[in-house]
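Good morning, everyone, and thank you for making time for this. I would like to walk through one structure slowly, so please keep the picture in view while I talk.

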Amino acid sequence: MAQRGLAAEFWQVPAVTRAYTAACVLTTAAVQLELITPFQLYFNPDLIFRKLQVWRLITNFLFFGPLGFSFFFNMLFLYRYCRMLEEGSFRGRTADFVFMFVFGGVLMTLFGLLASLFFLSQAFTLMLVYVWSRRNPYIRMNFFGLNFQAPFLPWVLMAFSLLLGNSILVDLLGIAVGHIYYFLEDVFPNQPGGKKLLLTPSFLKVLFDAPEDPNYGPLPEEQPARDHLQ
């Protein structure tokens, strides 16, 4: 019964969150079982372009390190904020959510070329946290007794990482990419003379978004106000 309940809970998780968190857990498990090593996963431009080990473009986003506090901490935040985004501002917009993943991944990869970063999974998590925090600015947060508004969460996490003795370069990269996405998607289109620059490719919409029902008739409250005046 417990296994059935766990399986049911797993399949209730939104598709993108489910796929990404499962891939991260399975990658870590494979490393722990010594089926693969981190040396087969890390971002290495020379091996990618000269040896055509293109899987490294993906696998460097899937590994958070060996099992331990850092792994569980990162996975908790990844699962929580990825799911809240997918069930919140991206609800019914799976293709747009996947496109955000692609946009963020490409930008981080380009920056990774310049900064010689080996794993970008933590930066990707910070990007998700940043976008969620900017879209929910009035939510109060509590982190180990510290109270603050949601937009401060990425910076609190970066400070916590610094206290643990980690480099904050990866955190800054995640925040920077998250801000670029947030600005292009939420801020610039609403500015005078601004327009939407991040357009989700149609093939992603075909793959991930359910087609509209041509026989669907909107409820009266869903129709534009002018329809009620006619």
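Let me begin with a single residue, Cys82, which counts as buried because its relative accessibility is 0%. Please bear in mind throughout that what we are looking at is a predicted model. Where is the closest cysteine sulfur to that of Cys82? It belongs to Cys24, at 9.1 Å, which is too far for a bond. Cys24 is likewise a buried residue, with a relative accessible area of 0%. A disulfide, as you may remember, is a covalent bond between the sulfur atoms of two cysteines. When the whole structure is searched for such bonds, zero disulfides are found.

Let me now step back to the chain as a whole. The protein chain has 230 residues, of which 40% count as buried, and its secondary structure comes to 11 helices and two strands. If you read along the sequence, you meet seven helices, then the two strands, and then four further helices. Taking the contacts between residues at least 6 apart in sequence, 62% of them join residues that are at least 24 apart.

That brings me to the interior. The largest nonpolar core contains 48 residues, and those with the most contacts inside it are Met100, Phe101, Met108 and Leu128. Several elements supply at least two residues each to this core, among them α2, α5, α7 and the strand β1, while α6 gives the most, with nine residues. If we look at Leu128 in particular, and leave aside residues up to four places away in sequence, we find that it touches Leu78, Cys82, Leu85, Met100 and Phe101, so the cysteine with which I began appears again here. There is also a second, separate core of five residues, which includes Leu126, Tyr130, Met158 and Ile175.

Next, a pair of helices. Two packed helices are described by the angle between their axes and the distance between the axes. For α2 and α6, the axes come within 10 Å and cross at roughly 35 degrees. On the α2 side the contact is made by Val16, Thr17 and Tyr20, and on the α6 side by Thr94, Phe97, Val98 and Phe101. Sorted by class, this contact has five nonpolar residues, two polar ones and no charged ones.

Another helix to find in the picture is α9, which has 19 residues and reaches 25 Å from its first C-alpha to its last, close to the 27 Å expected at 1.5 Å a residue. Its buried residues include Val170, Leu173, Ile175, Val177, Tyr181 and Leu184, and also Asp171 and Glu185. Which helices do the buried residues of α9 pack against? They pack against α6, α7 and α8.

Finally, I would like to point out two places in the backbone. Most residues other than glycine have a negative phi. Glu34, however, has a positive phi of about 60 degrees although it is not a glycine, and this residue lies in the loop between α2 and α3. Ser116, in the loop between α6 and α7, also has a positive phi, near 55 degrees. Are these two residues buried or exposed? Glu34 counts as exposed because its relative accessibility is 70%, and Ser116 is exposed as well, with a relative accessible area of 53%.

Notes. Residues numbered from 1 in each chain as written. Predicted model: local features only at pLDDT ≥ 70, side-chain atom pairs only at ≥ 80, totals over all residues. Heavy atoms only, no water. Core = buried A, V, L, I, M, F, W, Y, C linked by side-chain atoms within 4.5 Å. Buried < 20%, exposed > 50% of the residue type's maximum accessible area, 1.4 Å probe, protein only. Contact = heavy atoms within 4.5 Å. Axes fitted to C-alpha atoms, helices over the stretch in contact; angles between N-to-C directions. Nonpolar A, V, L, I, M, F, W, Y, C, P; charged D, E, K, R; others polar. Disulfide = S-S within 2.5 Å. Expected span 1.5 Å × (residues − 1).
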